[in-house]
Amino acid sequence: MTQRRNLLQKTVIEFLPASILAAAKNLLRRPVTGLLLASFFGIALYLRIALPYDQVFSGDWVKFTGVDAYWHMRIVDNLVHNFPHLNSFDPYMAYPGGGGTSYLFPFFDYLLAGVIWLIGLGSPTEHTIDTVAAYFPAVLGALTVIPVYFIGKTLFDRWAGIIAAALIGILPGEFLGRSILGFTDHHVAEVLFTTTAMLFLILAINSAKREQLTLAHLKHPLRVPAARPLLYGILAGIFLGIYLISWMGALLFVFIITAYFLIQFTIDHLQKRPVDYLCLIGTAIFLPALLISVSVTGSRLDSASLVIALVVPAGLTAMSRLMSSRELKPIYYPLTLVVLGIAAAGVLYAIDSDLLRSMVNQMGIFSWHIGTSNLEMQPLLLPSGQFSFTVVWGNFTTGSFLSLIGLCLLAYMTVRNRGEADKTLLIVWTLVILAATLAQRRFNYYLAVNVALLTGYVSWQVLRFAASLGGSYRPAIRPEPARRKKKSKQKRTQTAYVGIRARWAYVSLAAIVVFFVVLYPNVSKARQAASQTRFAPGDAWLESLSWLTENSTEPFGNADFYYERYSTPFDYPDTAYGVTAWWDYGYWITRVAHRMPSNNPGAGASGGNLEVAKLLVAQDEATASEIMNELGSRYLITDYQIVTGKFHAPVTLSGLDLEDFQATFYYREQQDSPTLRPVTIYFPEYYRSVAVRLHNFGGEAVVPDEIMVISWEWRTSTERTRYREITATRSFPTYEEAAEFVEEQESGNHQIGSPNPFVSPVPLEELEHFELRHSEGDMGGIPEVRAFEYIE
């Protein structure tokens, strides 16, 4: 009896606590995980909706926070009224000539319009359209938390997935900025679709390896060993196909997945492992993607690329089997692969050189554009042409270096484990996206997923290490001999409890460190980023465009023509006309005013954009009138930015030198002062520009009261950089006297100018063909927006 009683006590004391802990852990795991994911989803929604809410829903307006969001909303306006019919041509996009829609890559607009159409019960109001569309990107961004969690869980561990999911919801960079309330663009959908596609691809690979999938399983594809990995592969292909019909640059992920297959096939062959599973998964993913792409876009480039991607796994499998059957050295496999790749490129060039060039041009996504004024195309580490870590830190904070540590650690572990297929996929995926992001900072919104996953991986390793410090508690099930002394049993039990407490202490401490190192640094930056709506139109612009709608004639004679279906070729009526402004505002004019802009952001540095640039910096009215007539424009809208912060853009696009219009000088407040202060001096060419004459002076004649002439010299700083230093200033009562003084100087540098862009140092004539019709906003005595009617 005593022995049995001792055995019972031993079991209760040592085994029961561990059993309870294990059972509780299993019972609580799913609810806790679900609760955490729901919390992360809610936090992500809060950041994206609550913080920018007052700036988006402002009075009677719903302000979209992305420039291209207004392009999508114009398409959605028409699509909802004609659902499910989508125009391939839109006369409102630009005048003359019109513009395209998302006809070839329509899924994002169809998804949004479909949701709006259902919520509005087939006849949604304008307010319903705007409200649903504003919330749409925020919901998609928050949903990305879910596939990120499952990728982390599948590749590493549940806690790696949880940390990655928490991080992706609060990263403050491009991904957050492109998924806030009102940023109704396809970028956030790209991330959600590709992340989900990669999740299913990882599940397919793991399932196929676990089931030891071979080509023989195709005899019974619906049986469990083959069904699950093939189903995962098909789901990955469906999401890849959806991605392909959402964005014209979607071949990026076709390239990533194809590159992965090339690498993994090589690894498996060198390790003498079967490759059948890769062939089946490759076919399962690329075939649905090809069918979706062909049926919707019909893009020749996409179709050809997908066909090649579809053939690659089968070809690599056949080559591996052939070389294995002939017992050739495995090293011949990658060498043969390179030779066959070069030969295939040569054959394609001979058959269709244009197609090959188009494929090569797609690699332009990795091209570096150092010094470009296009913000999103700037290299990640050279945002202003000089090395800077600012953009990286602003996007990822501590994740920027933690993810690099994770990538190196993961690569080491993968090589050590002889090329785990799922881990190799994450490495290839990350390296390709990193290369694209280094070239163009815009792709930070893709890289955010990889940073979150790799940071989650490192954090999980830290937690594992902390858990190991306390030892592993494994209670003995077999009873000890009855002769053991009671004191010895109590000591072991106490030691076990001490081990558990130490383990939980180390893990708790590590969790606190992970929180403050990984998550906390992003919180304040995320709040700040989500609170900014830099690309939303201001009240002055919206009021001015509303004025234009109410006070200008309908270009097609009927306001409802905005919602019609359009056929091609399209003939504009004689009543049609354009509205000219800088290209940034083209989509606003289309969607808000229901008028046709002369240019828009989609035109790039050509066509109407080039002509408008020349118009804005034209030095005489005759040139401006000629361009307005060519554009068929009746109205010209200027704003404060185009004559100040954005003035460089039309100057540069016109092929002119900004320093002919303005330049930065330095001066000393006192002659012997060592401190130099910068000042921008505006030259006569600036004030003679049509944009400045219209916006700064309302097109009226100007007679200056005082003309300033500066004398200056080139200096070299201690850092060996050259700068202009003002050595003297003189004032003259008339422009003629100032010009005569400059002309008489035989040496030195002398220039007529003014430090105030709104006070001209040169006389200006009245612009006779431009009538000021509307002004809105106040920027220190200068209207924010002005609208002029052009009269021939």
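These are my notebook entries on a predicted model of one chain.

**Entry 1: the whole chain**

I began with the overall figures. The chain has 792 residues, and 50% of them count as buried. I listed the secondary structure next and found 28 helices and 13 strands. For the extent, I took the box along the principal axes. The C-alpha atoms fill roughly 120 × 70 × 60 Å. The accessible surface comes to about 37,700 Å². Carbon and sulfur atoms hold 58% of that surface.

I then looked at contacts by sequence separation. Among contacts with a separation of 6 or more, 72% join residues 24 or more positions apart.

**Entry 2: a four-stranded sheet**

I traced one open sheet. Its strand order is β5-β6-β13-β12, and the pairing is mixed. Which strands stand at the edges? They are β5, residues 578-580, and β12, residues 770-776. Each has a single partner strand, so one side of each is left without a neighbour in the sheet. I also checked the twist. Neighbouring strands are turned by 25° against each other on average, with direction ignored.

I looked at the β5 edge in detail. Strand β5 runs parallel to β6, which spans residues 633-639. Three bridges join the two. I picked out one residue, Val579, and found its bridge partner in β6 to be Tyr635.

At the β12 end of the order, I looked for side-chain links. Arg773 forms a salt bridge with Glu789, and the closest N and O atoms are 2.9 Å apart. Arg773 sits in strand β12, while Glu789 sits in β13, residues 785-790. The two are 16 residues apart, and the pair links distant parts of the chain. I looked up the cover on Arg773 as well. Its relative accessible area is 39%, so I noted Arg773 as partly exposed.

**Entry 3: other salt bridges**

I searched the whole structure for salt bridges and got 19.

I opened the Arg724 pair next. The side chains of Arg724 and Glu659 meet at 2.8 Å, N to O. This pair also links distant parts of the chain, with the two positions 65 residues apart. Arg724 is in strand β10, residues 722-732. Glu659 is in the loop between α25 (648-653) and β7 (662-667). Is each partner buried or exposed? Arg724 has a relative accessible area of 11% and is therefore buried. Glu659 reaches 43%, so Glu659 counts as partly exposed.

I also found a network. Salt bridges that share partners join Arg668, Glu713, Arg715 and Glu725.

**Entry 4: Lys423 and Glu420**

I went to helix α18, residues 421-439, where Lys423 is found. Its relative accessibility is 10%, so I logged Lys423 as buried. What does Lys423 touch beyond four places in sequence? I read off Leu155, Phe156, Leu410 and Thr414.

I then checked its charge partner. Glu420 forms a salt bridge with Lys423, with the closest N and O atoms 3.7 Å apart. The cut-off for a salt bridge is 4 Å, so the pair qualifies. Glu420 has 30% relative accessibility and therefore counts as partly exposed.

**Entry 5: Asp302**

I looked up Asp302 in helix α13, residues 300-325. Asp302 is buried, yet I found no salt bridge for it. How far away is the nearest side chain of opposite charge? That side chain belongs to Arg300, and the distance is 11 Å. Set against the 4 Å cut-off, this is why Arg300 does not count as a salt-bridge partner of Asp302.

I listed what Asp302 does touch, leaving out residues up to four places away in sequence. The contacts are Phe105, Leu244, Leu251 and Ser293.

**Entry 6: Leu51**

I finished with Leu51. Leu51 lies in the loop between α1 (2-50) and α2 (53-56). Is Leu51 buried or exposed? At 17% relative accessibility Leu51 counts as buried, because the cut-off is under 20%.

I looked for what lies around Leu51. Leaving aside neighbours within four places in sequence, Leu51 is in contact with Tyr46, Arg527, Ala530 and Ser531. I also noted a C-alpha distance to Ala526. The two C-alpha atoms are separated by 10.0 Å, although Leu51 and Ala526 are 475 residues apart along the chain.

How values were computed:
Residues numbered from 1 in each chain as written. Predicted model: local features only at pLDDT ≥ 70, side-chain atom pairs only at ≥ 80, totals over all residues. Heavy atoms only, no water. Pairing = 2+ DSSP bridges. Axes fitted to C-alpha atoms, helices over the stretch in contact; angles between N-to-C directions. Buried < 20%, exposed > 50% of the residue type's maximum accessible area, 1.4 Å probe, protein only. Contact = heavy atoms within 4.5 Å. Lys, Arg positive; Asp, Glu negative; His and termini not counted. Areas by Shrake-Rupley, 256 points an atom, 1.4 Å probe, with all protein chains shown as cover.
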